[in-house]
Amino acid sequence: MADFSDIIDQEQMKEHMQHVLRSDKVSHAYIISGENGSGKEFIARIFAKALQCQDKKEKGEYLEACNECPSCIKALSENHPDIITITHEKPASIGVDDIRLKLRDDVVIKPYESRYKIYIIPEGEKMTPAAQNALLKTLEEPPSYIVIIILTSNINAFLPTIISRCIVLPMKVARDDSIRKFLMEECQVVDYKAMLCASFARGNVGKALDLASNERFETLKNETIDLVSKLKNLEIHDIMDRVHGILEPADGDEKSSKKGIDMGQYEDFMDILIFLFRDMLVYKATENDTHLIFTDKVSYISSVTKDISYEEIGHIIKDMEIAKSRISSNVNIDLALELMLLGIKEHL
Ligand SMILES: [Zn+2]
């Protein structure tokens, strides 16, 4: 039963929506923009439920839906006749027929039982130019009772005429600390893991949840740090065999892979390495583990930092940044990783 109080951070967005609810001045069209997993639809549904609620209540600092009236009950079961989600037939695009049939021809029918008729359009960036033009016709002369909420991970895909008729509400990155608290309190994730997932999610709540519930990430982390701890005694072909083992695509997932390397795994692998050496810098400077990301690897981190200089750690981090930028500009990924790991081996 999600409400405004359940939205992590996003203060400006909440403030705007609260102002709308209190002043009763709703616009006909909104764009909520933010990356996948950031919680756009979660927020849109809370806003829609509150707009339609017949008996809104002050709860703490927010004016919230009552969650008890007939409208709220239907909204909660995602079964509200006047909160309509625009789905599309083709996975990759929202065509003109989707918008014509499900929106343009539908807006003329008055709300079934509520004050507003609210349309939510997920993945709005997938609207073709023709679909956007069809939508524009509605935005130019909207019936008084309609509210359209377009969700998108790429606002640049919209015609300027669409954007100029919408109130744009950008999602902000959530604070690491808010995400950590959420994972611990609401999802019963243990503290060190919550901290780790929050750091890796870079402000994206959905990604943090995914990492926290995903065994693959835990395995990747352990195998990557284990590889670093053994680098000194491994030959280069053994090192690369292990790298390939670690970064092997999951069964049937060839889509996001390059030369037998899963690129999603590769990105997390590089982040783990960078965070690991950053932890070494922090530990060397402070000699305590309170600010580390890998608090479960303190004994290894402390043992390495005894013999390595700040300068050497700095070199390693620089080499990793170079490897990352080479790989992103399409240099042979095996070669770039090999050079980078040999560089790390030399310093350890
Ligand atoms: Zn209600």
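Two residues are in contact here if their C-beta atoms, placed from the backbone, lie within 7 Å. With that in hand, welcome to this structure, which is a predicted model.

**The whole protein**

Let us begin with the overall picture. The protein holds 15 helices and 9 strands, and its C-alpha atoms fill a box of roughly 75 × 45 × 35 Å along the principal axes. Of the 348 residues, 34% are buried. Among contacts with a separation of 6 or more, 68% join residues that are 24 or more positions apart.

**Helix H14 and its two sides**

A good place to look next is helix H14, which runs over residues 310-328. This helix has 19 residues, and the distance from its first C-alpha to its last is 27 Å, close to the 27 Å expected at 1.5 Å a residue.

Which residues of H14 are buried? They are Ile-316, Met-320, Ala-323 and Ile-327. These residues cover an arc of only 60° around the axis, so they sit on the same side of H14. A general point helps here: an α-helix has 3.6 residues a turn, so residues three or four places apart point the same way. On the other side of H14 the exposed residues are Tyr-310, Glu-311, Lys-318, Ser-325 and Ser-328.

What do the buried residues of H14 pack against? Their partners are helix H12 (263-286) and helix H15 (333-347). After H14 comes Asn-330, which has a positive phi, near 75°.

**Three helix pairs**

The table sets out three pairs of helices.

| Pair | Angle between axes | Axis distance |
|---|---|---|
| H4 and H5 | about 25° | 7 Å |
| H12 and H14 | roughly 160° | within 10 Å |
| H11 and H15 | roughly 120° | within 11 Å |

Take H12 and H14 to start with. Their axes cross at roughly 160°, and angles over 145 degrees count as roughly antiparallel, so H12 and H14 are roughly antiparallel to each other. H12 passes H14 in a left-handed crossing. On the H12 side, the contact is made by Met-270, Leu-273, Ile-274, Phe-277, Met-280, Leu-281 and Lys-284. On the H14 side, Tyr-310, Ile-313, Ile-316, Ile-317, Met-320 and Lys-324 take part. Ile-316 and Met-320 appear in this contact, and they are also among the buried residues of H14.

Helix H4 (residues 96-104) and helix H5 (residues 129-140) pack at an angle of about 25°. H4 and H5 are therefore roughly parallel to each other, and their crossing is right-handed. H4 brings Val-96, Asp-98, Ile-99, Arg-100, Leu-103 and Arg-104 to the contact, while H5 brings Ala-130, Ala-131, Ala-134, Leu-135, Lys-137 and Thr-138.

In the remaining pair of the table, helix H11 (residues 236-246) meets H15 at roughly 120°. That angle makes H11 oblique to H15, and the crossing of the two is right-handed. Ile-236, Ile-239, Met-240 and Val-243 of H11 make the contact with Asp-334, Leu-337, Glu-338, Leu-341 and Leu-342 of H15.

**A look at Cys-187**

Finally, where is Cys-187 placed? Cys-187 belongs to helix H7 (residues 176-187). This residue is partly exposed, with 13 other C-beta atoms within 10 Å. Leaving aside neighbours within four places in sequence, Cys-187 is in contact with Leu-209 and Ala-212. Cys-187 and Ala-212 are 25 residues apart in sequence, and their C-alpha atoms are 9.0 Å apart in space.

Key. Residues numbered from 1 in each chain as written. Predicted model: local features only at pLDDT ≥ 70, side-chain atom pairs only at ≥ 80, totals over all residues. Helix = DSSP H or I, 4+ residues; strand = E, 2+ residues; numbered from the N terminus. Expected span 1.5 Å × (residues − 1). Buried ≥ 20, exposed ≤ 12 C-beta atoms within 10 Å, placed from the backbone. Arc of directions from axis to C-beta. Axes fitted to C-alpha atoms, helices over the stretch in contact; angles between N-to-C directions. Parallel < 35°, antiparallel > 145°, perpendicular 65-115°, else oblique. Left-handed = near helix turned anticlockwise from the far one by under 90°.
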